[in-house]
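Please find below a colleague's note on the model under discussion. It is set out as numbered points, to be read alongside the sequence and coordinates.

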Amino acid sequence: MILLFSLLQWYFHLNPTTIEEDNRFAYDKIRNREIKSTIKRKSLDFKNRRALYIVYEQDSLPLVVNWEEKISIGDSIIKPKGSLKLIIKNNFKIDTLDYEEND
């Protein structure tokens, strides 16, 4: 067990990633999705420093901190493939939220 832990530490020490690389990877995954759905719930990921996610159908998206007040359960979510902009609609408003603006 100690050997395995030491090997993992050594690997990650030799192959560090930056926050920018992690964001770019996450944004590429988001950019490649097309979404037309309804938000079912909000969820906290305790393994990822309590990151907030919105859950729709069988998938989820990470939320930017200041978006939490703009998104409610039951809102419609639309995201064209190739874009990082989310369109959030309900009976009272339409908001466009952009991941790139909140880098």
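The points below treat the sheet, then the aromatic residues, then the nonpolar core.

1. The model is a predicted one, and the remarks that follow should be read as a description of that prediction.

2. The sheet is open and contains six strands, arranged in the order β3-β2-β1-β4-β5-β6 with antiparallel pairing. Its edges are formed by β3 (59-62) and β6; each has a single partner strand, so one side of each lacks a neighbour in the sheet. Ignoring direction, neighbouring strands are turned against each other by 40° on average.

3. At one end of this order, strand β5 (residues 85-89) runs antiparallel to strand β6 (residues 94-98), and five bridges join the two. One bridge pairs K85 with D98 of β6. The connection from β5 to β6 is a hairpin through four residues.

4. Strand β5 also pairs with strand β4 (residues 76-79), again in the antiparallel sense, over three bridges. Here I78 has I87 of β5 as its bridge partner.

5. Turning to the aromatic residues, the model has two aromatic pairs. In one of them, the ring centres of Y27 and Y99 lie 5.8 Å apart with the planes at 55°; the pair is therefore tilted, since planes count as edge-to-face only when over 60 degrees apart and as stacked when under 30. Y27 belongs to helix α2 (residues 19-31), whereas Y99 lies in the segment after β6, so the pair ties together parts 72 residues apart in sequence.

6. Are Y27 and Y99 buried or exposed? Both of these tyrosines are buried. Ring pairs also bring in W67, giving a cluster of Y27, W67 and Y99.

7. The largest nonpolar core comprises 18 residues, and L61, W67, I71, I77, L86 and Y99 have the most contacts inside it. At least two residues of this core come from each of α2, β1 (35-45), β2 (51-56) and β5. The element that gives the most is β2, with three residues. As general background, nonpolar side chains tend to be buried together in soluble globular proteins.

8. Which residues does L61 touch, leaving aside those up to four places away in sequence? The contacts of L61 are I30, R33, I35, L52, Y53, I54, Y56, I77, L86 and Y99. Among these, I77, L86 and Y99 are also listed, with L61, as residues with the most contacts inside the largest nonpolar core. Y99 thus appears in the tilted pair with Y27, in the ring cluster and in the nonpolar core.

Notes: Residues are numbered from 1 along each chain as its sequence is written. This is a predicted model: local features need pLDDT of at least 70, side-chain atom pairs count only at pLDDT 80 or more; totals for chains, interfaces and linings use all residues. Side-chain values use heavy atoms; hydrogens and water are left out. Two strands pair if DSSP finds at least two bridges between them. Axes are lines fitted to C-alpha atoms, for helices over the stretch in contact, and angles run from 0 to 180 degrees between N-to-C directions. Rings of Phe, Tyr and Trp (its six-membered ring) pair if their centres lie within 6.5 Å; planes under 30 degrees apart count as stacked, over 60 as edge-to-face and the rest as tilted. Buried means under 20% relative accessible area, exposed over 50%, partly exposed in between (1.4 Å probe, protein chains only). A nonpolar core is a set of buried Ala, Val, Leu, Ile, Met, Phe, Trp, Tyr and Cys residues joined through side-chain atoms within 4.5 Å. Contact means heavy atoms within 4.5 Å.
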